[in-house]
Amino acid sequence: MLSVHILTPFAKMVEAVVDESILGRANAKSFVNYLIYDLFNFADPPHYRIDDYPFGGGSGMIMKPEPVFRAYKKAVGDQQNSSLRVIFPTPDGEVLTHKKALELSKCSELMFINGHYKGIDQRIRDVLVTDEISIGDYVLTGGELPTLVILDAIIRLIPGVLNTYESAETDSFASGLLDGPHFTRPEEFEGMKVPEVLLSGHHKKIADWKLDQQKEKTKLRRTDLFRKYLELKSVEKENGENNG
Ligand code: ADE
């Protein structure tokens, strides 16, 4: 079972999301255990401040190191798991990819440290953090939403969490291509028909059509991904592999 520690000043916000939908079901089915630490519980009385002014001036407040280090110690306990990955979501981190989510989905213990205000004290990043991850080139007000985005991307890749693991294996990026179009009943809706080939029952033709659709979309929308896909395919060909 994967243990996920989340250190945050907004525990309720995180709890509300991890209790619901697939993240909640993954917990109910014992694939994952969420442990949420409210950073205010680790701050000093009487004011219980978790942020302070930046040394050297500048705008905005900085998260203090003590509450985070204390919560970290409480989370890891006496025996620290040497494979623990400590993730700090930040816009200056490496951009999240399917590959990274897959790598993290294989871990046994993860921790997320949620930053707020202008930033967190650099000593937290230097000493505790193993992975700094951005969810895109834009800035959010805190680390909770990025944590939940990263967590969602990870949890759905744990085999057994989704009803059919196949549905995670075939989605966008898993194959290096974007996902193609999907259709369900009715066959005709307001004059719009489902592509004939999908009703043919011809498995090979359907698979070829789906792959063509994925290639078309990727070529059109993400030339960077399409170039990588073609490179990978030509390497596979040289190695005599045949995966379509
Ligand atoms: N915190 C604020 N903005 C962020 C982003 N884009 N990615 C990760 N963490 C963040």
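**Group meeting: the ligand site and some backbone details**

S30 sits in the loop that runs between α2 (21-28) and β2. I start there because of its backbone, but before that, a reminder that this is a predicted model. The phi angle of S30 is near 60°, which is a positive value in a residue that is not glycine.

Staying with the backbone, there are two cis peptide bonds to show. One joins P45 to P46, and its omega is near 5°. P46 belongs to the loop between β2 (32-38) and β3 (51-52), so much for that bond. The other joins R185 to P186, with omega near 10°. P186 is placed in the loop between α7 (166-169) and β9 (188-189).

Next slide, the overall layout. The protein chain is split into domain 1, covering 2-155, and domain 2, covering 172-243. How far apart are the centres of domain 1 and domain 2? Taken over C-alpha atoms, they are separated by 36 Å.

Now the ligand. Which pocket does the ligand sit in? It is the second largest one. Two elements each give two or more residues to the shell around the ligand, namely β5 (85-95) and β8 (131-134). Of these, β5 supplies the largest share of the shell, with three residues.

Going through the shell by number, the residues around the ligand begin with P89, T90 and P91. Then come I133, S134, I135 and G136. Y138, V139, L140, G142 and P146 complete the list. What is the make-up of this shell by class? Eight of the residues are nonpolar and four are polar, while charged residues are absent.

On to the polar side of the site. Three residues place a backbone N or O atom beside a nitrogen atom of the ligand, and I will take them in order along the chain. For T90, the distance from such a backbone atom to a ligand nitrogen is 3.1 Å. For I135, the corresponding distance is 2.9 Å. For L140, the value is again 2.9 Å, also from a backbone N or O atom to a nitrogen of the ligand. As for cover, the ligand taken alone exposes 270 Å², and the protein buries 95% of that.

To recap the site: the ligand is in the second largest pocket, its shell holds no charged residues, and backbone atoms of T90, I135 and L140 lie at the distances I gave. That is what I have for today.

Conventions. Residues are numbered from 1 along each chain as its sequence is written. This is a predicted model: local features need pLDDT of at least 70, side-chain atom pairs count only at pLDDT 80 or more; totals for chains, interfaces and linings use all residues. Side-chain values use heavy atoms; hydrogens and water are left out. A residue is near a molecule or strand if one of its heavy atoms lies within 4 Å of it. A polar contact is a pair of N or O atoms within 3.5 Å; within protein, one must be able to donate a hydrogen and the other to accept it, and residues adjacent in sequence count only if both atoms are side-chain atoms. Accessible areas come from the Shrake-Rupley method with a 1.4 Å probe; for residues, only the protein chains shown count as cover. On a 1 Å grid over the protein atoms alone, a cavity is a set of points where a 1.4 Å probe fits but cannot get out, and a pocket is an open set with protein on both sides within 12 Å along at least five of seven lines; lining residues have an atom within 4 Å of a point. A molecule sits in a cavity or pocket if more than half of its atoms lie within 2 Å of its grid points. Helices (H or I, at least four residues) and strands (E, at least two) are DSSP runs, numbered from the N terminus. Ala, Val, Leu, Ile, Met, Phe, Trp, Tyr, Cys and Pro count as nonpolar, Asp, Glu, Lys and Arg as charged, and the others, Gly among them, as polar. Domain bounds come from an automatic or database domain assignment.
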